[in-house]
Structure formats: C-alpha cells, structure tokens
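Subject: Structure handover and findings

Hello,

Here is the structure I promised to pass on. Please open it alongside the notes below.

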Amino acid sequence: MTEQLVRVYIPATVPTLATLRDKGVLAAPGGHAVTPGLREWYAEGDEEELEYVAFTRAAQDALRLLREDPDAPRRRAVVSVDLPASAVGRGDGELGSSTVRLAAPVPVEAVAALHVDGAEATGDVAAAVAVVAEALAGDPDAQFTVDGAEDHELEWYDVSELDLLLRAAS
C-alpha cells in the first residue's frame with residue numbers, strides 16, 4: 001500500500017523557479033494545504049473550494065516573498081506539489097489555518113504544476129507588493145490594492161514547461 005499524497009501549494013518567485021530548474025529541488029520551509037483547521041473553519045466548503053483557499057493563501061505569501069526580493073520580476077508564483085503525508089507537518093494549528101511545514105526540500109519530480117502571473121498582472125502585483133505589509137496590518141486602502149493583484153488568476157504550466165516559463169517571465 002502506498003502512502004497518501006497531500007497537495008501542497010508553495011509560494012514562490014521567478015528566481016525560486018529558476019533555482020528549482022537549476023538544482024532540481026525546491027528548498028521551502030512550508031506552504032499551504034487543506035488542513036484539519038481549514039476544514040473545520042470552512043465546513044461548508046467542498047474539496048475544490050478548500051484547495052482554492054490554500055492556493056490563494058500561497059499566492060498571497062508570494063507577495064511577501066516579492067517584497068523581500070526587489071530584483072525579482074513582479075509576478076507571483078505558486079508551485080503545486082504532491083508529497084507523502086509523512087513529509088508534511090502541521091503548521092500553526094489555528095482555526096482556519098492552511099499553513100504546513102515541509103520535512104525536506106521538494107524534488108522536482110513531486111511538482112504537479114506551476115502557476116505564475118501573466119504579464120498583464122505585473123503592474124497590479126508591483127503595487128500590491130509595495131503595500132502588502134500594511135494590508136496584513138489591517139489597512140483597508142492597502143488591502144484594496146492587494147485585492148487588485150488577486151483579481152488576476154495565475155496561469156497554469158506543466159513542469160515540463162519550466163524553461164519556457166522562465167524565458168517568458170524574466
């Protein structure tokens with residue numbers, strides 16, 4: 001019998017994706033997944049809705065990563081990976097949390113899909129990056145700006161398209 005896999009959404013940037021291509025692993029301390037705390041908080045949500053919440057939170061975390069890397073292209077990225085349950089640890093345990101910890105770097109073979117903002121989103125993403133900390137602190141104007149970036153759906157790429165994606169996103 002094989003161990004159950006857990007879909008984890010890891011926030012990333014374009015330089016993170018380049019490292020994944022070059023080294024074959026993604027060194028990420030954690031990400032977002034459908035956790036017991038998220039299920040309890042959003043009890044009326046079906047599996048697809050719960051997955052979307054976890055994915056959206058990873059995209060929000062990508063804004064913070066972009067704020068830490070001013071040279072990175074202003075495109076949010078999320079790496080969807082399928083990992084054995086034993087490799088995924090509990091996050092903060094708060095009601096509604098989707099945060100999980102990862103036991104080890106993620107091999108490229110575990111990547112299910114890559115998600116990156118299209119070129120049309122870069123202006124809104126850049127504006128959101130500039131105010132993401134203020135939005136997290138409760139500033140409604142900053143949250144409005146962050147919501148503008150979240151209006152853009154991330155584009156889907158197969159892991160085999162990583163080189164193509166990096167050429168287009170750089």
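What follows covers a buried arginine, the salt bridges, one strand and its partners, and a buried aspartate.

One caution before the details: this is a predicted model.

**Arg74**

Start with Arg74. It sits in the loop that runs between helix 3 (47-68) and strand 4 (77-84). Arg74 is buried, yet it has no salt bridge. Which side chain of opposite charge is nearest to Arg74? It is Asp69, 6.0 Å away. A salt bridge needs the nitrogen and the carboxyl oxygen within 4 Å, so that pair does not count as one.

What does the side chain of Arg74 have close by, then? Two backbone oxygens. The one of Asp69 lies 3.0 Å from a polar atom of the Arg74 side chain. The one of Leu66 lies 3.1 Å from a polar atom of that side chain. So Asp69 appears twice here: its side chain is 6.0 Å away, while its backbone oxygen is at 3.0 Å. Leaving out residues up to four places away in sequence, Arg74 touches Leu66, Asp69, Thr122, Val125, Ala126 and Val129.

**Salt bridges**

How many salt bridges does the structure hold? Seven. Three are worth a look.

- Asp82 pairs with Arg7, with the closest N and O atoms 2.5 Å apart. Asp82 belongs to strand 4 and Arg7 to strand 1 (residues 5-12), so this bridge ties together parts that are 75 residues apart in sequence. Asp82 is partly exposed at 24% relative accessibility. Arg7 is partly exposed as well, at 30%.
- Glu47 pairs with Arg39, and their closest N and O atoms are 2.9 Å apart. Glu47 is partly exposed at 39% relative accessibility. Arg39 is partly exposed, also at 39%.
- Asp22 pairs with Arg21, the closest N and O atoms being 2.9 Å apart. Asp22 is exposed, with a relative accessible area of 55%. Arg21 is partly exposed at 38%.

There is also a network. Salt bridges with shared partners join Arg21, Asp22 and Asp163.

**Strand 6**

Next, strand 6 (residues 99-102). Its side chains alternate. Val100 and Leu102 point to one face and are buried. Thr99 and Arg101 point to the other face and are not buried. In a regular strand, side chains do alternate between the two faces of the sheet.

Which strands pair with strand 6? Strand 3 (residues 30-32) does, in the antiparallel sense and over three bridges. Gly30 stands opposite Arg101 there. Strand 5 (residues 88-90) pairs with strand 6 too, antiparallel and over three bridges. In that pairing, Val88 stands opposite Leu102.

**Asp117**

Last, Asp117. Look in the loop between strand 8 (111-116) and helix 4 (122-136). Is Asp117 buried or exposed? Buried: its relative accessible area is 1%. The side chains of Asp117 and Arg76 are joined by a polar contact of 2.8 Å. Setting aside neighbours within four places in sequence, Asp117 is in contact with Arg75, Arg76, Val125, His152 and Leu154. Val125 is therefore worth finding in the viewer, as it appears in the contacts of Asp117 and in those of Arg74.

Best wishes

Terms used
Residues are numbered from 1 along each chain as its sequence is written. This is a predicted model: local features need pLDDT of at least 70, side-chain atom pairs count only at pLDDT 80 or more; totals for chains, interfaces and linings use all residues. Side-chain values use heavy atoms; hydrogens and water are left out. Helices (H or I, at least four residues) and strands (E, at least two) are DSSP runs, numbered from the N terminus. Buried means under 20% relative accessible area, exposed over 50%, partly exposed in between (1.4 Å probe, protein chains only). Lys and Arg count as positive and Asp and Glu as negative; His and the chain ends are not counted. A polar contact is a pair of N or O atoms within 3.5 Å; within protein, one must be able to donate a hydrogen and the other to accept it, and residues adjacent in sequence count only if both atoms are side-chain atoms. Contact means heavy atoms within 4.5 Å. Two strands pair if DSSP finds at least two bridges between them.
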